[in-house]
Amino acid sequence: MTKGGIDMTILRRTALAVVLGSTAAIAAGSATAQDAVEFWTMTYGDQLNWKGEVEALIDGFTEETGIEVRHEIVPWGSAFQTYLTVSQGGAAPDCADMYWLHSFSAIGGDQHGPMPLNEYRDEYFPTLEEDFYAGALQDVLWQDDFYGIPWRGDIRAFIYRTDFAEEAGIDGPPQTWDEIVEDAKALTVRDENGNVERWGFAYGTATNVVSWLLPYYWQAGGTMMTDDGQTATIDNEAMRTALTFMRDLMWEHQVVNPDSLEAGYDPQPLFVNGQLAMVGSAEQAWGVELDRDYPQLEGQWAMATSPAGPENSDSFSGAGYFGVLRGSDHVEECVQLIEYMSRDENMLRLAQAAGTVSTKPEVMASEFWSDRPWKIVVGEALQDAHTSQHPAPAWSAIATPEPGGILYDLMYDVIVLQEDMDASIAEAQERMQAELDRS
């Protein structure tokens, strides 16, 4: 079967080879390691620093509990294939750093993949709702089951050039979609021949252009599919509102670069060089990168929470969580490890090592997350976090950010080519439903 141009049979065989190869290597280890809890993570930031920090935390856990833990790294390049295979019955660790809970749970059903931890919730995490942002908990709660602890976030916020805003007489960031339009017009600069020297606005920063559409659609009140992941729900007024807003910014108001959806478009050099004034959905990593790589811009940019759409101010949020895999013989030991990792002081260490926002307000109030204005803002943005997960195995094919991807084609046809919106949405709805039906 092929999804999004990918032969899933080959993908699964490749993933199985990766996991089996890792398992074989582990089996060759010392006999004393066989009773240890097997714990996988991906790598964040500097690999050596990350590995050292995680294993230092594990050493502290072992000293406290006597439970031995063996840590293995899953490369990001094979993470999707690996967890796809795990969710289909492939070799699995006891517990792991995972993502896309909703999809992998739907794939594994009650046989493989992520394991619900309902019976441990009250004992080990009695103040769950008070300790974590509500938006972050969306990534570990699915179909009334609790699967683990969200430990990292990838929140988007608004970013703008304060120097250009001041020159234009604009006092602060826009608060609504209407103010985005108004400010973007004032900040767009053309030469005497009408050529754009500075664009007023860009939809988003990530290379995944589909992630630009999602927050505008949510802010207009839309959802992509039903909670069970079986029915597409994009042929509606919310989608028309979001696409109209994005299309009009490009063509009616002429404040967005028409090449934005083309391969190779990168807004960061434009923002740094003064050719772009505002970005609607900026990755938190921009704060780190601008501080580190462009100190000459100090005081010339700022982040802000997302301007409100017609219904809300939802912000795109990715997340990772620590959870247990079905089939583990060390479930309670894993839960103890997850509880240890989720303590405030350890969550702070993980956030510092990974360079990602924490999912706990208490950690985001720490000195580390309060020493720069943009850090305070991304903490505030977590209040409006909307999970980017969707409960369907086919989501990766639906959201492929390239030609042939259902949502990408919809965006390109309506926004760039200005094709008939109703027809394009109806076609996308039909394609998406067919993909959901096949999965």
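1. Two residues are in contact here when their heavy atoms lie within 4.5 Å. The model is a predicted one, and the points below take up one helix pair, two cavities and one pocket.

2. The helix pair consists of H11, residues 237–250, and H20, residues 421–438. Their axes come within 11 Å and cross at roughly 125°. Angles over 145 degrees count as roughly antiparallel and those from 65 to 115 as roughly perpendicular; H11 and H20 are therefore oblique to each other. The crossing in which H11 passes H20 is right-handed.

3. Which residues of H11 meet H20? On the H11 side they are Met239, Arg240, Leu243, Thr244 and Arg247. On the H20 side they are Met421, Asp422 and Ile425. By class, the residues of this contact are 4 nonpolar, 1 polar and 3 charged.

4. How many cavities of 30 Å³ or more does a search of the whole structure find? The search returns 2. The largest cavity has a volume of about 90 Å³, and the second largest holds about 50 Å³ of space.

5. The largest cavity has a lining of 15 residues. Those nearest its centre are Tyr216, Gln219, Gly280, Ser306 and Pro307. At least two lining residues come from each of strand S8 (148–161), helix H9 (177–187), helix H10 (210–219), strand S11 (278–283) and strand S13 (315–324). The lining of the largest cavity divides into 9 nonpolar, 5 polar and 1 charged residues.

6. Around the second largest cavity there are 13 lining residues, with Ala136, Gly153, Ser317, Thr359 and Leu382 nearest the centre. Helix H7 (134–137), S8 and S13 each give two or more residues to this lining. Which element gives the most? S13 does, with 3 residues. The classes in the lining of the second largest cavity are 5 nonpolar, 6 polar and 2 charged.

7. S8 and S13 deserve a second look in the structure. Both supply at least two residues to the lining of the largest cavity, and both also give two or more to the lining of the second largest cavity.

8. The second largest pocket has a volume of about 380 Å³. It is lined by 16 residues, of which His102, Asp227, Thr387, Gln389 and Pro391 are closest to its centre. Strand S6 (141–142) and strand S14 (385–387) each contribute at least two lining residues. The lining of this pocket has 6 nonpolar, 9 polar and 1 charged residues.

Terms used: Residues numbered from 1 in each chain as written. Predicted model: local features only at pLDDT ≥ 70, side-chain atom pairs only at ≥ 80, totals over all residues. Heavy atoms only, no water. Axes fitted to C-alpha atoms, helices over the stretch in contact; angles between N-to-C directions. Helix = DSSP H or I, 4+ residues; strand = E, 2+ residues; numbered from the N terminus. Parallel < 35°, antiparallel > 145°, perpendicular 65-115°, else oblique. Left-handed = near helix turned anticlockwise from the far one by under 90°. Nonpolar A, V, L, I, M, F, W, Y, C, P; charged D, E, K, R; others polar. 1 Å grid on protein atoms, 1.4 Å probe; cavity = no way out; pocket = protein on both sides within 12 Å on 5 of 7 lines; lining within 4 Å. Points joined across faces, edges and corners; volume = space filled by probe spheres on them.
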